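Here is a short briefing on one structure. Look over the sequence and the model first, then read the points below.

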Amino acid sequence: MGRLEGKIAFITAAGQGIGRATAVAYLAEGARVHATDISARLMDELKDEHPAIETAVLDVRDSNAVRQAAARTGAVDVLFNCAGYVHAGTILDCDEEAWDRSFDINVKSMWRTAQAFLPAMLAAGGGSVINMSSCASSIKGAPNRAVYSATKAAVLGLTKSIAADFCERGIRCNAICPGTVDTPSLEERIRALAGDYQDNRSAFVARQKMGRLATAEEIAHLAVYLGSDESAFCTGGAYVIDGGWSL
Ligand code: NAD
C-alpha cells in the first residue's frame, strides 16, 4: 500500500524538475494528483506519460485562476507549493520589476494558494501544506541570489505562520530547503553564465560537500514524507536537503 493512498494532492509548477518528480512520486504512492504548471506543453507531456495524473494550466501569479482551481479541486490533503523563480544577481543587479516579480512568483503565490485551499482543507479536518524554500534563504547566503534568498527566507516565515495559526485545526505546514538540484532551470542558469560551461557546472557541484548535485527525485522523497502521515508530528519545519552545502 502506498504511503499516500487515499490522499488528494495539488502541486504547482509540476511541469519539470522537483514539481514533476513529486507528481510522479505521489502517483506511485497512491495519491490522486492534480498537477499544474504555467506551461501547457509540459502539462500535455506529463499527461501523455502519466494519464492518471490530472493536469491543468495554472499561473500562480493569477489570483482568479488560483481561486478557480481551488474551487474545482475541492478539499485536498496535500498542497505542494513548488513554483519558484531564480533571479541571478546581487542587490545592485535587481531592479524594482525583478524584485516584485520574484516576490510575486515565490511568495505571494503561496499566500494565494493557501488562502484559496485552506478553507476546504480546514472543513475536511486538516492536511499538509508544503512550501518550496531553499538553502539560499535565511539558512545560507549564496552569491548572486539576493532577491531570490530574500523570497525564500520569506517562505520560511510564511510557513511557520501557517503552521502556528492552524496547528490546532489539523493543518501542518513545512518547508523544503534544497541545495543545488539538477533540474532544467539549473541547466539554463549554468548555460547563461559567462565563461566555460564545465567550469561553471563544477562550481555548482563543488558547493555540496557530497560533491554532486541532488536529483529531483531525491527532493520528491522528502515531499512524499511531508505529505504522508509518517510526518504527522512535523509542522513548522524547514527541512534542509542539501548534500552538506550549509554545513
Ligand atoms: P524548474 O525551475 O526547472 O521548473 C520550474 C517550473 O515552474 C517549470 O515547469 C515552469 O513552467 C513552472 N513555472 C514557472 N513560472 C510559473 C508560474 N508563474 N506559475 C506556475 N508555474 C510556473 O524547477 P526546479 O529547479 O525543480 O525548481 C522548483 C522549485 O524548487 C522552485 O521553487 C525553486 O526555487 C526551488 N529550488 C530549486 C533548486 C534547484 O537547484 N533546482 C534549489 C532550491 C530550491
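**Aromatic rings and one helix**

A search of the whole structure finds two aromatic pairs (rings of Phe, Tyr and Trp, the last by its six-membered ring, with centres within 6.5 Å). One of them is Phe10 with Phe117. This is a predicted model: local features need pLDDT of at least 70, side-chain atom pairs count only at pLDDT 80 or more, and totals for chains, interfaces and linings use all residues. Residues are numbered from 1 along each chain as its sequence is written, and side-chain values use heavy atoms, without hydrogens and water.

**The Phe10–Phe117 pair**
- The rings of Phe10 and Phe117 are 4.5 Å apart, centre to centre.
- Their planes meet at 45°, which counts as tilted (stacked is under 30 degrees, edge-to-face over 60, tilted the rest).
- Phe10 belongs to strand S1 (residues 8-11) and Phe117 to helix H4, 107 residues apart in the chain. Helices (H or I, at least four residues) and strands (E, at least two) are DSSP runs, numbered from the N terminus.
- Phe10 is buried at 2% relative accessibility, where buried means under 20% relative accessible area (1.4 Å probe, protein chains only).
- Phe117 is buried too, at 1%.

**Charges over rings**
- Arg101 places its charged end over the ring of Tyr85, 4.3 Å from the centre (CZ of Arg or NZ of Lys within 6 Å of the ring centre and within 35 degrees of the ring normal).
- The charged end of Arg191 lies over the ring of Tyr197, 4.3 Å from its centre.

**Helix H5**
- Helix H5 covers residues 146-166, 21 residues in total.
- Its buried residues include Val147, Leu156 and Phe166.
- Helix H4 (96-123) and strand S5 (127-132) are among the elements that cover the buried residues of H5.

Definitions and conventions:
Expected span 1.5 Å × (residues − 1). Buried < 20%, exposed > 50% of the residue type's maximum accessible area, 1.4 Å probe, protein only. Contact = heavy atoms within 4.5 Å.
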